[in-house]
Amino acid sequence: MRRIFLNKNDIHNGNLILVNKSYPFIKREAEMIDALTAIGLISGEIILEKRTATMLIQLMNVLDCTKTIVPVSGYRTSKEQEKIYNDSLRENGEKFTKKYVALPHRSEHQTGMAVDLAQRSEKIDFICPNFPYTGICQKFRQKSIKYGFIERYPKGKENVTGIAHEPWHFRYVGYPHSEIIQNNNLTLEEYIEFIKGYQYSKKHLFLNHGHQYNEVFYLDVFKSKEVEVILPEDVPYQISGNNVDGFIFTLWREKV
Ligand SMILES: [Zn+2]
């Protein structure tokens with residue numbers, strides 16, 4: 001058995017952090033430097049969180065779409081986000097801006113785990129890029145689930161996300177979470193609540209993949225500053241904060 005101690009301050013780290021109007025991204029930019037990498041595609045360079053970058057490149061290579069899909073925006077500093085917000089206010093007005101552009105510290109782009117994609121064309125709209133539900137873009141959308149990505153602001157969920165439908169904005173949350181989110185027609189906001197139905201001390205969520213399976217559960221740190229968790233020996237695992245009130249655990253297990 002492995003004993004793991006988790007500190008409340010760590011809920012702001014990991015691939016499942018929720019960043020929106022209610023839950024700001026609080027990491028300082030200096031803390032982000034080691035977590036980021038530049039990806040050089042023929043469309044130019046954008047910066048992403050390292051694992052997000054690796055998965056995006058693998059996915060684009062598998063789909064052979066590096067010439068047809070263009071990543072137009074990745075990591076942004078709070079200053080850059082502020083500039084985009086103010087520029088949009090000036091050019092597009094308040095109504096449009098509030099619908100499509102997040103305030104500084106409320107944008108997922110500051111995590112480096114969000115990417116905006118465009119279908120290649122002569123003229124690309126950088127705030128609302130064209131990324132249709134057909135052809136290679138739709139193939140990307142479907143395949144991206146297995147690589148840990150979700151379409152973050154779906155149609156019909158505007159009231160939950162607080163952001164208008166954005167077919168071009170993808171967020172890395174990691175597999176199998178992307179698949180659970182997709183299969184249950186959830187947003188990240190809803191998933192953070194959904195997973196609380198699978199507490200550490202109660203029933204866990206199991207996902208079968210042949211002779212392997214994932215075990216997922218949630219632990220809150222609401223009441224204490226530090227919590228102790230006991231995990232099985234020799235089982236690969238990942239722990240992510242939710243940026244709200246606790247941690248989500250993912251175990252990769254073998255059937256015996
Ligand atoms: Zn975006």
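**View 1. Two domains, with centres 25 Å apart.** In this predicted model, the centres of domain 1 and domain 2, taken over C-alpha atoms, are separated by 25 Å. Where the two meet, domain 1 brings 18 residues to the contact and domain 2 brings 19 residues. If you are tracing the chain, domain 1 is made of two segments, 1–16 and 176–256, while domain 2 covers 21–172.

**View 2. The surface shared by domain 1 and domain 2.** Together the domains bury about 1600 Å² between them, and 54% of that area is on carbon and sulfur atoms. Look out for N15, S178 and E189: on the domain 1 side, these residues supply 30% of the area buried against domain 2, more than any other three residues. Charged pairs are here too, with three salt bridges counted between the domains.

**View 3. The salt bridge of E179 and K146.** Here E179 pairs with K146, and their closest N and O atoms are 2.7 Å apart.

**View 4. The zinc ion and its protein donors.** Three residues hold the donor atoms: H109 through NE2, D116 through OD, listed twice, and H169 through ND1. These donors lie 2.1 to 2.7 Å from the zinc ion. Along the chain, they follow the spacing H-x6-D-x52-H. D116 sits in strand 5 (residues 114–119) and H169 in strand 7 (residues 166–172), so this pair links distant parts of the chain, 53 residues apart. Both D116 and H169 are buried. The angles among the four donor atoms run from 52 to 151°, and the site is irregular. Why is it not called tetrahedral? Because that label needs all angles to lie between 85 and 135 degrees, and the angles here go from 52 to 151°.

**View 5. A cis peptide bond at Y175 and P176.** Zoom in on the bond joining Y175 and P176 and you will find a cis peptide, with omega about 10°. P176 belongs to the loop between strand 7 and helix 6 (177–183).

**View 6. Two asparagines with positive phi, N185 and N243.** N185 has phi near 55°, a positive value in a residue other than glycine. You can find N185 in the loop between helix 6 and helix 7 (188–194). N243 is not a glycine either, yet its phi is positive, at about 70°. The loop between strand 11 (237–241) and strand 12 (246–254) holds N243. Are these residues buried or exposed? N185 counts as exposed because its relative accessibility is 55%, whereas N243 is buried, with a relative accessible area of 5%.

Notes. Residues are numbered from 1 along each chain as its sequence is written. This is a predicted model: local features need pLDDT of at least 70, side-chain atom pairs count only at pLDDT 80 or more; totals for chains, interfaces and linings use all residues. Side-chain values use heavy atoms; hydrogens and water are left out. Donors are N, O and S atoms within 2.8 Å of the metal (3.2 Å for Na, K and Ca); water is not among the atoms, so sites may look incomplete. Four donors count as tetrahedral if all angles lie between 85 and 135 degrees; four count as square planar and six as octahedral if opposite donors are over 155 degrees apart and all others between 65 and 115; anything else is irregular. Helices (H or I, at least four residues) and strands (E, at least two) are DSSP runs, numbered from the N terminus. Buried means under 20% relative accessible area, exposed over 50%, partly exposed in between (1.4 Å probe, protein chains only). Domain bounds come from an automatic or database domain assignment. Contact means heavy atoms within 4.5 Å. Buried area is the accessible area (1.4 Å probe) that two parts lose on being put together, summed over both. A salt bridge is a side-chain nitrogen of Lys or Arg within 4 Å of a carboxyl oxygen of Asp or Glu.
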